[in-house]
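Hi,

Here's the structure I promised to pass on. Have a look at it first, and then read on for what turned up when I went through it.

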Amino acid sequence: MTTLRRRRFLVSGGVAAAVCVACLVVAAGALAAAGWVAQNSGTTAPLGGVAFAGPGAGWAVGAGGIIRATSDGGATWGEQISGVTDDLSAVAFAGAQDGWAVGAEGAITATTDGGASWAPQTSGVSTALNAVAFADAQN
């Protein structure tokens with residue numbers, strides 16, 4: 001029998017931001033050369049994380065608990081209500097239905113219906129959560 005263990009990694013917000021900016025600067029030229037096209041998220045709020053569950057369904061999270069969702073690969077984006085007001089920095093989905101977003105002050109919000117509804121969860125910490133990842137809906 002194989003035992004899976006969840007490991008949580010917390011990264012300092014400043015370090016994570018610097019790494020993200022450096023990665024984006026390096027990646028921008030490569031993405032443009034590969035035919036990537038900028039998309040309009042429909043918000044002026046800063047966005048901190050993005051995740052896709054396949055070629056069409058995606059979510060972006062950011063300031064003030066904002067969640068933006070797309071079902072057409074990013075051509076159009078709509079709002080989803082996160083249930084939190086803290087800044088969200090990361091989002092991950094384990095399939096098209098089960099997703100979690102995390103952020104400032106230990107904020108966690110989750111969906112089991114592809115983002116049609118989101119429900120806050122208690123993390124037990126008041127420090128920023130900067131990343132989230134799952135192997136599947138149970139791990």
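This is a predicted model, and in it four strands make an open sheet, ordered 1-2-3-4 with antiparallel pairing. The edges are taken by strand 1 (47–52) and strand 4 (78–80); each has a single partner strand, so one side of each has no neighbour in the sheet. On average, neighbouring strands here are turned by 30° against each other, direction ignored.

Inside that sheet, strand 2 (residues 58–62) and strand 3 (residues 67–70) run antiparallel and are joined by four bridges. If you want a spot to zoom in on, Trp 59 sits opposite Ala 69 of strand 3. Keep that Trp in mind, as Trp 59 comes back further down with the rings.

Further along the chain there's another open sheet of four strands, this one in the order 5-6-7-8, and again the pairing is antiparallel. Which strands stand at the edges this time? They are strand 5 (88–93) and strand 8 (119–121): each has a single partner strand, so one side of each is left without a neighbour in the sheet. For this sheet the average turn between neighbouring strands comes to 25°, direction ignored.

Strand 7 (residues 108–111) pairs with strand 8 over three bridges, in the antiparallel sense. Across that pairing, Ala 110 stands opposite Ala 119 of strand 8.

Now the rings. How many aromatic pairs does the structure hold? There are four. One of them is Phe 52 with Trp 77, an edge-to-face pair with 6.3 Å centre to centre and 80° between the planes. Phe 52 belongs to strand 1, while Trp 77 is in the loop between strand 3 and strand 4, so this pair ties together parts that lie 25 residues apart in sequence.

Are these two rings' residues buried or exposed? Phe 52 has a relative accessible area of 41%, so Phe 52 counts as partly exposed. Trp 77 comes out at 19%, and because the cut-off for buried is under 20%, Trp 77 counts as buried.

And back to Trp 59: ring pairs link Trp 59, Phe 93 and Trp 118 into a cluster. When you open the model, I'd start from that cluster and then go over to the Phe 52 and Trp 77 pair.

Cheers

How values were computed:
Residues numbered from 1 in each chain as written. Predicted model: local features only at pLDDT ≥ 70, side-chain atom pairs only at ≥ 80, totals over all residues. Heavy atoms only, no water. Pairing = 2+ DSSP bridges. Helix = DSSP H or I, 4+ residues; strand = E, 2+ residues; numbered from the N terminus. Axes fitted to C-alpha atoms, helices over the stretch in contact; angles between N-to-C directions. Phe/Tyr/Trp six-rings, centres within 6.5 Å; stacked < 30°, edge-to-face > 60°. Buried < 20%, exposed > 50% of the residue type's maximum accessible area, 1.4 Å probe, protein only.
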